[in-house]
Amino acid sequence: MKKPSFKQAAIVAAVVVIASGAFWATTSNHAKSGDKEPAKPKASLTVTTTKAQTIDWPLSLTANGSIAAWQEAVVGSELGGLLLAEVRVNVGDVVKRGQVLARFTNESVAAQVAQQKAAVEEARAALSEADANAERARTLVNSGALSGQQTTQYEVAERSAKARLLSAQAALEMQQIRLRQTEVIAPDDGVISSRSATVGAVASQGQELFKLIRQSRLEWRAEVNATDLLQIKVGQAVKLRVTNGVLVDGKVRMIAPTVDPATRNALVYVDLPVPGSAHAGMFGTGQFLLGRAEALTLPQSAVVMRDGFSYVYQLGKDDKVIQTKVNLGRRVGERIEVVDGASSITPAMVLIEKGAGFLADGDTVRVANPVAGSAANPADTKPAAANAAPLALK
């Protein structure tokens, strides 16, 4: 058999080397292709996270109502047919009990007082004469100079003179009262809330001239549902926010004994401080402070409202979010209580805070502030700070 030449042997060796290189290259490529992980889904949004915290919060009952005067006194004219000569106060003026608010012309009444004083003096003189006649008759009754009938007549005349004097004195007192009534007096301390008195007007008897808020006291009349009425007690503290945004402290003074059959609401009367920022006629929303209780709370930015329901988003495996429906309770500052649904929300869960409003169930996110207890470390259940400083993006 003829041996292959040197040239043929070299060609065979080159082919073997090339084939081996191709085999190893193919094998290596297959190995690398098998070791490569599948590409992760692209994150849709960069978010920050938080955790629910249990906080001791006050229990309260919210109600609405109007502010009104504790008691409003009507100050009117006790005389009729007199000219109003002077008005000394206006709406908003603070007055004291017995202060003169207005004055009627009093010349005619003063003249009647003087006339009645004269009548009293006349009656007193007539009584003096009758007393003297009756005394003489009594001394002569035993001498026979006067009959018994005449003596009786003198005694009757004496009693009649006494009665006329008493009548004249009563009429004088009446005229003096009318003279005092020409000055309109404040019946109590307070503030003038209404004025209808006009200088130069002739007032009729009983006509309203002023309205006075007694002792400047105001009250909030809260409308409370009958089912909540048993939670309220006399003396409880109340935080009232009035129309102008001012917060006013109050205290329950009285609970109405009846419930409106149409609305099933009862009025609760709350005393307000004097002086205060509230004004009669304002509308206010208040909270009756019932005590304190623990609450599972979240930042309000972690709660998303959609289609009339409230949701939160939990950070799950592979940075995917899980949408969870919750019901909300009390709000204090920037935090809100989770009530129904709290069984599905625990302090160990990592929840989306900023950026939650742009997410949907199953979205993949990039976390700017990883907190302890995330999906990568579920064993760590310590609550994270609500405002943790953001770290560098992944």
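**Exposed loops, paired strands and nonpolar cores**

Asp318 counts as exposed, its relative accessibility being 57%. The structure in which this residue was examined is a predicted model. Asp318 lies in the loop between strand E18 and strand E19 (321-326). Its phi is positive, at about 60°, although the residue is not a glycine. A positive phi was also found for Asp307, which is not a glycine either and has a value of about 55°. Asp307 belongs to the loop between strand E17 (304-306) and strand E18 (309-315). With a relative accessible area of 74%, Asp307 is over the 50% cut-off and is therefore classed as exposed.

A further exposed loop residue is Lys354, for which the relative accessible area is 54%. This lysine is located in the loop between strand E22 (351-352) and strand E23 (365-367). When residues up to four places away in sequence are not counted, Lys354 touches Val47 and Thr48. The contact with Thr48 joins distant parts of the sequence: 306 residues separate Lys354 from Thr48, yet their C-alpha atoms are 5.3 Å apart in space.

For the protein chain as a whole, 3 helices and 23 strands were assigned. Of its 394 residues, 31% are buried. The accessible surface amounts to about 23600 Å², and carbon and sulfur atoms account for 55% of that area. Among contacts between residues at least 6 apart in sequence, 75% connect residues at least 24 apart.

Strand pairing was examined next. Strand E3 (residues 53-69) runs antiparallel to strand E16 (residues 283-299), to which 14 bridges join it. Within this pairing, Trp57 stands opposite Ala293 of E16. E3 is also joined by 6 bridges to strand E12 (residues 218-225), again in an antiparallel arrangement. Here Ile67 is placed opposite Trp220 of E12.

Two open sheets of 4 strands were also identified. In one, the strands follow the order E4-E11-E9-E6 with antiparallel pairing. Its edges are formed by strand E4 (72-76) and strand E6 (94-95), each of which pairs on one side only. Inside this order, strand E9 (residues 190-195) and strand E11 (residues 208-214) run antiparallel and share 5 bridges. One residue pair in this arrangement is Val191 with its bridge partner Ile213 in E11.

The other open sheet has the strand order E8-E7-E5-E10, and its pairing is likewise antiparallel. Strand E8 (183-185) and strand E10 (202-203) are its edge strands, each pairing on one side only. Strand E5 (residues 82-87) is connected to E10 by 2 bridges, and the two strands run antiparallel. Leu82 has Ala203 in E10 as its bridge partner.

Helix H3 (residues 148-180) comprises 33 residues, for which a rise of 1.5 Å a residue gives an expected span of 48 Å. The C-alpha atoms at its ends are 49 Å apart, in agreement with that expectation. The buried residues of H3 are Thr151, Glu158, Ala161, Leu165, Ala168, Leu172 and Gln175. Many of these positions can be read against helical geometry. An α-helix has 3.6 residues a turn, so residues three or four places apart point the same way. The buried residues of H3 pack against helix H2 (107-140).

Nonpolar side chains were then considered as groups. In soluble globular proteins, such side chains tend to be buried together. The largest nonpolar core contains 24 residues, and the members that touch the most other members are Ile67, Trp220, Val224, Val268, Val270, Leu272 and Phe288. At least two residues of this core are supplied by each of E3, E12, strand E13 (237-242), strand E14 (247-255) and strand E15 (265-271). A second core, separate from the largest, consists of 20 residues, including Val75, Val89, Val95 and Phe210. The opposed residues Ile67 and Trp220 thus reappear among the members of the largest core that touch the most others.

Methods
Residues are numbered from 1 along each chain as its sequence is written. This is a predicted model: local features need pLDDT of at least 70, side-chain atom pairs count only at pLDDT 80 or more; totals for chains, interfaces and linings use all residues. Side-chain values use heavy atoms; hydrogens and water are left out. Two strands pair if DSSP finds at least two bridges between them. Buried means under 20% relative accessible area, exposed over 50%, partly exposed in between (1.4 Å probe, protein chains only). Contact means heavy atoms within 4.5 Å. Accessible areas come from the Shrake-Rupley method with a 1.4 Å probe; for residues, only the protein chains shown count as cover. The expected span of a helix is 1.5 Å times one less than its number of residues. A nonpolar core is a set of buried Ala, Val, Leu, Ile, Met, Phe, Trp, Tyr and Cys residues joined through side-chain atoms within 4.5 Å.
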